[in-house]
2 protein chains.
Amino acid sequence: MSIIECIPNVSEGRRVDVVEGIARAIRGVPGVRLLDHSSDSSHNRTVFTMAGDAAALKAAVLAMYERAVPAIDLRAHSGEHPRLGAIDVVPFVPIEDVTMEACVALAKDVGAAVASRFGVPVYLYEEASNNPARRNLEDIRRGEFEGLAAKMASPGWSPDFGPAAPHLTAGASVIGARFPLIAYNINLNTGRLDVAKKIAAAIRQSSGGFRYVKASGFELKDRGIVQVSMNLTNYEKTSIFRVFEAVKREAERYGVSILESEIVGLVPSAALNACAEYYLQLAGFNANQVLENKLRATAHD
Amino acid sequence: MSIIECIPNVSEGRRVDVVEGIARAIRGVPGVRLLDHSSDSSHNRTVFTMAGDAAALKAAVLAMYERAVPAIDLRAHSGEHPRLGAIDVVPFVPIEDVTMEACVALAKDVGAAVASRFGVPVYLYEEASNNPARRNLEDIRRGEFEGLAAKMASPGWSPDFGPAAPHLTAGASVIGARFPLIAYNINLNTGRLDVAKKIAAAIRQSSGGFRYVKASGFELKDRGIVQVSMNLTNYEKTSIFRVFEAVKREAERYGVSILESEIVGLVPSAALNACAEYYLQLAGFNANQVLENKLRATAHD
């Protein structure tokens, strides 16, 4: 059985009854597991994490719109986090026995259904987008809800599905497919912020580094150290171990060593196994050798 | 739900109908998954790998005896592998949401049932044994089926369960609980067998090395290289990465480097995750951060 992860971001993080109503709607869909939901009141935003197969997740996302569209009015919404719509972003992520292509197809199917049932315009993003200028979430969301009507009327910004103008209260949604994100930080044995910033610049794509790395340098003032904080957006092509080794080498350049690293939130087991393979110089290793994978594969028979 | 692995070794590797009859008996037990079975005709032995909870595995092991005891006569059995009984060895291994203590209790429960229902004497081994002289399988099995009657009559060798003499055709069984075994080899960039043998001696318990390592040095003649071949018998206490680093350091002593390593068969994901943690200097990592674990944990709710 295939497993897809879906992480809808909803523009409501303060009214518990609205958030709980949406969570209940998800839990009511057979075949979907709500893994987590966490609200941030200064962002005024809630991130739901759920898993299931394509059909079950489609039903769950539509059930979320059913609850969220009447309950959330973006004209009265404020919060620190940029947003375009009541259900702001809906990414589908391939986890097990499923291809990226299947997740792209699901994003398009759900996008079309959202537009036709709720009248909410939908932009496709990341792997689901056919348009390089509309691949990055940041580019699509620039101008936010307040600038959306003007943006949608401008050349190149008609939506992939639905009306060419915002939904009065629910704005627009960005729906797509992407690889699992790994939030990965490396702490350095120094208080020198310039070192963290220089290393971040050296390794991130935007300034010439690894293709699937976003990075910046921060101070952890209470500990007197600095951190290179990263998002790894495709761990198959830009591996954790290669980024770790690059940061270590760059740090040496300044006489600095790595104190520790940390994974924030979830990480696919394949990303960790790749590290064991690399450092142990494992030859001919394959995922079916992992006992738990074997147990699960047999359970599917 | 707890998962225990059970890997019975049966003294029949030539008669397909007998092996298949035993496999069918296992498959007929609800809640047990037969993950693998592989027969070796020169050993005249078949290794079954199955998984389930305690109650299901007990039923499956008893169903195996039901088929195997009437079908296998050790008086007419020959093969290269040492053996004591028709069902020779039955280890229980804790995999998920289950303690070693529970596996020890299961081994004792199954041992008592085997003795009382089939009249087969049972020795407990490894973690299930209370007697240091009867902890290692090799010590219990020394003398084999042919020497069993004399051994059982000698001081210190009355069985843990059942009659103080061998079953006429089925001999005796060794039943116990142990940690998952990892078969791990490191290939060296040299043809010098003495180097592999010296490294094996340096790292194995029996000659002063790591407590949970068994090791020997071999030639891989077709490739012109040598191998340090190992069994890691408790990866929580003697980790793969520590053994790898020790072999690498020992090899440097002889001007030799590691060509590659390999894991033969299955490996628990925790053993690989520990390698990622070590080499990436991960702080505060826990197994619930592995996406697949999170998915499964939630599925249990």
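Here is a quick tour of a two-chain model, from its symmetry down to single contacts.

This is a predicted model, where local features need pLDDT of at least 70, side-chain atom pairs count only at pLDDT 80 or more, and totals for chains, interfaces and linings use all residues. Residues are numbered from 1 along each chain as its sequence is written, chains are lettered from A and ligands numbered from 1 in the order in which they are written, and side-chain values use heavy atoms, with hydrogens and water left out.

**How the two chains relate**

- Turn chain A by 180°, with 0.0 Å of shift along the axis, and it superposes on chain B with an RMSD of 0.1 Å (a least-squares fit on the C-alpha atoms of residues with pLDDT of at least 70 in both copies).
- The two copies are therefore related as by a two-fold rotation axis.
- Both copies use the same surface: 100% of the contact residues of chain A recur in chain B (contact means heavy atoms within 4.5 Å).
- Ala276(A) is the residue of chain A that comes closest to the rotation axis, with its C-alpha at 2.7 Å.

**The cavity**

- The structure has one cavity of 30 Å³ or more. On a 1 Å grid over the protein atoms alone, a cavity is a set of points where a 1.4 Å probe fits but cannot get out, and lining residues have an atom within 4 Å of a point.
- The largest cavity has a volume of about 70 Å³ (the space filled by probe spheres set on the points, which are joined across faces, edges and corners).
- Residues from both chains line the largest cavity, among them Ser269(A), Asn273(A), Ser269(B) and Asn273(B).
- Helix 8 (269-279) and helix 9 (291-299) of chain A, plus helix 8 (269-279) and helix 9 (291-299) of chain B, each give two or more residues to that lining. Helices (H or I, at least four residues) and strands (E, at least two) are DSSP runs, numbered from the N terminus.

**The second largest pocket**

- A pocket is an open set of points with protein on both sides within 12 Å along at least five of seven lines, and the second largest one holds about 1,600 Å³ of space.
- Its lining has 47 residues, and those nearest the centre include Phe179(B) and Asn231(B).
- Strand 3 of chain B supplies the largest share of this lining, four residues.

**Two side-chain pairs**

- Ser229(B) sits in strand 10 (residues 225-232) of chain B, and its side chain makes a polar contact of 3.0 Å with the side chain of Asn185(B). Ser229(B) and Asn185(B) are 44 residues apart along the chain, yet their C-alpha atoms are separated by 4.4 Å.
- A polar contact is a pair of N or O atoms within 3.5 Å; within protein, one must be able to donate a hydrogen and the other to accept it, and residues adjacent in sequence count only if both atoms are side-chain atoms.
- Asp88(A) and Arg45(A) form a salt bridge at 3.1 Å, N to O (a side-chain nitrogen of Lys or Arg within 4 Å of a carboxyl oxygen of Asp or Glu).
- Asp88(A) is in strand 5 (residues 87-96) of chain A and Arg45(A) in strand 4 (residues 45-52) of chain A, so this pair ties together parts 43 residues apart in sequence.
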